[in-house]
Amino acid sequence: MNFAQFLLILKARKRIILMTLLVTVVTTLVVSLLLPKSYKASTSVVINYKGVDPLTGVMMPGQLMPGYMATQIDILSSKNVALRVVEALHLANNPAVRQQFAEATGGKGRVEDWLAEALMKRLEVNPSRESSVIEVSFKGSDPNFAANVANTFADEYQKLNVALKTEPMKKASSYFNEQTKQLRDNLETAQSKLSKYQQDHGIVNVDSRLDVETTRLNDLSVQLVGVQSQLAEAQSRGNMARGANYAEMPDVTQSPLIQNLKSNLAQAESKLAEAGARLGRNHPLYQSQSAEVARLRSELATQTRVTSNSVSNNASILGAREAVLKEALAEQKTKVLALNRARDEMNVLVKDVESAQHAFDAATQRQSQTRLEGSSDQSDIAILNPATAPTEPSSPRILLNTVLSVFLGGMLGLGLALLAEMLDRRVRSEGDLVEIAQVPVLGVIDWTPPTRRRFHLPNPLTPRRLRLQ
């Protein structure tokens, strides 16, 4: 079949095409007018894509994942949100709704689930391209009800998004509460063990540098060194005092009493020499002066011996003091060593206390953070454009349906025309005669019907023109 034959078929079957087109358009128009009007209300929500929690400022890498937007769409169109909408609008309390539920399901199941599924069928969730805006649309016969349901879906989605973040934090907060109590008990137990150990061993300060016994040991060491130096000097002086020249000792020569006695002795000897020059030895004055000189000499010798003996005694005293300090130092060393061993054992308890303290502080900090996040009602989802009651119905679209019916009716008419031609094949041109009868065409009679006139019947068999092949 060529294009000319196709046009001839359409021309011959134009009544079928026109009737099919007319029936299709009229039927579509009547159905569109009879269908109930449906209104579509839309609201849009915007999602924060910064990836930062608005309360704690912590990075949330989950929002930066490619599937985050798809996840939010699934949450928005989930049954959980639909059930929240049913509960928020109190749809299950309507007697008419319950009657429809009983007629539709026979009373099986829950009316809330039935209403949620019905709302989900009329809900449309469409994300915007290359943006974080989601459009939520709902279709219904009542424009106000459709707008109310769309806004409620957006509100409940926002609340559910907050609940999905806070509920795990609340559970984690309960867990941290239990752990904090246990860690506090562990800390108190470790501290009590440390305190008891300090009391049993008499350890006041954990730091050995600030311990009294260590300070006392250092003082004894300093005193022993000082006594030993003094003892060495005293022993050298004692050796000199026991020698033949003890009168020339610095302690003897520098003694004020001995110097005074030497001065008095010198004066007495000068007086004795003067008296011996003027008087005789038997003279009473001479003898008195001689007795005074003898007394001063005896007293000087006595004081010299006393001073030298005091030096020797000082060396003995310092030796005894050295022995006492050595014994005290040895005892103090033993005590300090015992305290150091006890302090080493106590350091283990101190480490246990520090570890328990660190664990308790970390758990307390984490508990505060989870409690704060669990009590937060901040959401990263905001309503951009709330839905309003539409003034024009979204369906049926009479103009669009009519245009589509014209196209569909035309295609259907063409199909019926071709089908009718296939069932009743006729000769439309010389090409059809050659193709069907398989005979050569000798000539073609072009016949044009005359114009109809009133009260004039033309002869249809009158030939007009003969064209030979």
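## Close-up views: strands, bridges and a helix crossing

**View 1. Glu-124 stands opposite Ser-137 in strand 3.** Strands here are DSSP runs of E with at least two residues, helices are DSSP runs of H or I with at least four, and both are numbered from the N terminus. This is a predicted model, in which local features need pLDDT of at least 70 and side-chain atom pairs count only at pLDDT 80 or more, while totals for chains, interfaces and linings use all residues. Residues are numbered from 1 along each chain as its sequence is written, and side-chain values use heavy atoms, with hydrogens and water left out. Asn-126 has its own opposite number in strand 3, namely Glu-135. Strand 2 and strand 3 (residues 133-140) run antiparallel and share five bridges; two strands count as paired if DSSP finds at least two bridges between them. The two make a hairpin with five residues in between, and Glu-130 in the turn has a positive phi of about 55°. Why is a positive phi worth a look? Because most residues other than glycine have a negative one.

**View 2. Strand 2 belongs to an open sheet of four strands, ordered 2-3-1-4.** The pairing is antiparallel. Strand 2 and strand 4 (381-385) are the edges, each pairing on one side only. Neighbouring strands in this sheet are turned against each other by 30° on average, with direction ignored. Axes are lines fitted to C-alpha atoms, for helices over the stretch in contact, and angles between N-to-C directions run from 0 to 180 degrees. As for side chains, in a regular strand they alternate between the two faces of the sheet.

**View 3. Glu-124 also makes a salt bridge, with Lys-40.** The closest N and O atoms are 3.2 Å apart; a salt bridge needs a side-chain nitrogen of Lys or Arg within 4 Å of a carboxyl oxygen of Asp or Glu. This pair ties together distant parts of the chain, with Glu-124 in strand 2 (residues 123-127) and Lys-40 in strand 1 (residues 39-47), 84 residues apart. Are these two buried or exposed? Glu-124 is partly exposed at 26% relative accessible area, and Lys-40 is partly exposed too, at 30%. The cut-offs for relative accessible area are under 20% for buried and over 50% for exposed, with partly exposed in between (1.4 Å probe, protein chains only).

**View 4. Glu-322 and Lys-326 form a salt bridge within helix 11.** Their closest N and O atoms are 3.3 Å apart. Both sit in helix 11 (residues 284-374), spaced four residues, or about one turn of the helix. Glu-322 is buried at 13% relative accessible area, whereas Lys-326 is partly exposed at 42%. Elsewhere, salt bridges with shared partners knit Lys-79, Arg-110, Glu-112 and Asp-113 into one network. Within that group, Arg-110 meets Asp-113 at 3.0 Å, N to O, and Arg-110 is partly exposed at 46%. How many salt bridges does a search of the whole structure find? It turns up seven.

**View 5. Helix 4 and helix 6 cross at roughly 110°.** The axes of helix 4 (residues 79-89) and helix 6 (residues 111-121) come within 9 Å. The two helices are therefore roughly perpendicular: that label covers 65 to 115 degrees, with under 35 roughly parallel, over 145 roughly antiparallel and the rest oblique. Their crossing is right-handed, meaning that the near helix is turned clockwise from the far one by less than a right angle, while anticlockwise would be left-handed. On the helix 4 side the contact is made by Lys-79, Ala-82, Leu-83, Val-85 and Val-86. Helix 6 brings Glu-112, Asp-113, Leu-115, Ala-116, Glu-117, Leu-119 and Met-120. Contact here means heavy atoms within 4.5 Å.

**View 6. His-90 is a non-glycine residue with a positive phi, about 55°.** His-90 sits in the loop between helix 4 and helix 5 (95-105). With a relative accessible area of 54%, His-90 is exposed.

**View 7. Asn-186 and Ala-359 have C-alpha atoms 9.8 Å apart.** Along the chain, 173 residues separate the two. Asn-186 lies in helix 7 (residues 143-201) and is partly exposed, at 38% relative accessible area. Zooming out, the chain has 13 helices and six strands, and 30% of its 469 residues count as buried. Among contacts with a separation of 6 or more, 76% come from residues 24 or more positions apart.
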